[in-house]
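Colleague: I would like a close look at a single part of this model, the nonpolar core together with the aromatic rings and charged pairs that go with it. Could you take me through it in one connected account?

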Amino acid sequence: QNMVDATEKRIYELIEPWNGITWSALRVKPLTGETSLNHSMNMDPMEAAELLLEIFEIFNLNFEDLSFQSYFSKHRKDEKPLTINMIIESAKAGRWLYD
């Protein structure tokens with residue numbers, strides 16, 4: 001249980017500095033498990049890749065397992081949401097669980 005909380009806490013700590021970078025300061029929403037990097041946070045693909053690479057490295061996840069194009073593509077409307085819960089669940093499992 002404690003390990004889980006530590007994982008969750010660490011992921012929020014890593015994502016928090018990116019929260020609001022692309023939003024106006026007045027509209028920064030608190031992060032939740034449902035917050036998605038691509039939809040809710042509207043992260044730039046390069047910045048999202050940088051953040052995800054860091055998280056994957058820390059939690060020993062294989063970045064190759066993540067279908068980055070599914071979440072960050074030229075056609076924003078086709079993107080599946082990449083949520084904080086997905087990152088947390090994968091970190092706990094020790095591998096990327098989604099595609």
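Modeller: What follows takes the core to begin with, then the aromatic rings, then the salt bridges, and ends with one loop residue. Please keep in mind throughout that this is a predicted model.

The largest nonpolar core has 27 residues, and those with the most contacts inside it are Ile-15, Leu-37, Leu-82 and Ile-87. Helix 1, helix 2 (45–58), helix 3 (68–71) and helix 4 each supply at least two residues of this core, while helix 2 gives the most, with six residues. Leu-82 is a useful place from which to read the surroundings: leaving out residues up to four places away in sequence, Leu-82 touches Thr-35, Ser-36, Leu-37, Asn-38, Leu-52, Leu-66, Tyr-71, Phe-72, Ile-87 and Trp-96. Among these contacts of Leu-82 are Leu-37 and Ile-87, which are also named with Leu-82 among the residues that have the most contacts inside the core.

Three of the rings touched by Leu-82, namely Tyr-71, Phe-72 and Trp-96, lead on to the aromatic residues. Phe-56, Phe-63, Phe-68, Tyr-71, Phe-72, Trp-96 and Tyr-98 form one aromatic cluster, and a search of the whole structure finds six aromatic pairs. One of the pairs joins Phe-56 and Trp-96 in a tilted arrangement, with 5.6 Å from centre to centre and 35° between the planes. This pair links distant parts of the chain, for Phe-56 lies in helix 2 and Trp-96 in the segment after helix 4, 40 residues apart. Both Phe-56 and Trp-96 are buried. Another pair, Phe-68 with Phe-72, is stacked, the centres being 4.9 Å apart and the planes 20° from one another; Phe-68 and Phe-72 are likewise buried.

Turning to the charged side chains, the whole structure contains five salt bridges. In one of them, the side chains of Glu-13 and Lys-9 meet at 2.7 Å, N to O. Because Glu-13 and Lys-9 are four residues apart in helix 1 (residues 2–15), about one helical turn separates them. Glu-13 is partly exposed, at 37% relative accessibility, whereas Lys-9 is exposed, with a relative accessible area of 53%.

A further salt bridge is formed by Glu-89 and Lys-92, at 3.9 Å from N to O, which should be read against the 4 Å cut-off that a salt bridge has to meet. Glu-89 and Lys-92 both lie in helix 4 (residues 84–93), three residues apart, or about one turn of the helix. At 35% relative accessibility Glu-89 is partly exposed, and Lys-92 is partly exposed too, with a relative accessible area of 34%. Salt bridges that share partners join Glu-8, Glu-89 and Lys-92 into one network.

Asp-78 and Lys-77 also form a salt bridge, with their closest N and O atoms 3.7 Å apart; Lys-77 is exposed, with a relative accessible area of 74%.

Lastly, Asn-19 lies in the loop between helix 1 and helix 2. Asn-19 counts as buried because its relative accessible area is 9%, which is under the 20% limit. Leaving aside neighbours within four places in sequence, Asn-19 is in contact with Val-28, Lys-29, Leu-31 and Met-41.

Technical notes: Residues numbered from 1 in each chain as written. Predicted model: local features only at pLDDT ≥ 70, side-chain atom pairs only at ≥ 80, totals over all residues. Heavy atoms only, no water. Buried < 20%, exposed > 50% of the residue type's maximum accessible area, 1.4 Å probe, protein only. Core = buried A, V, L, I, M, F, W, Y, C linked by side-chain atoms within 4.5 Å. Contact = heavy atoms within 4.5 Å. Phe/Tyr/Trp six-rings, centres within 6.5 Å; stacked < 30°, edge-to-face > 60°.
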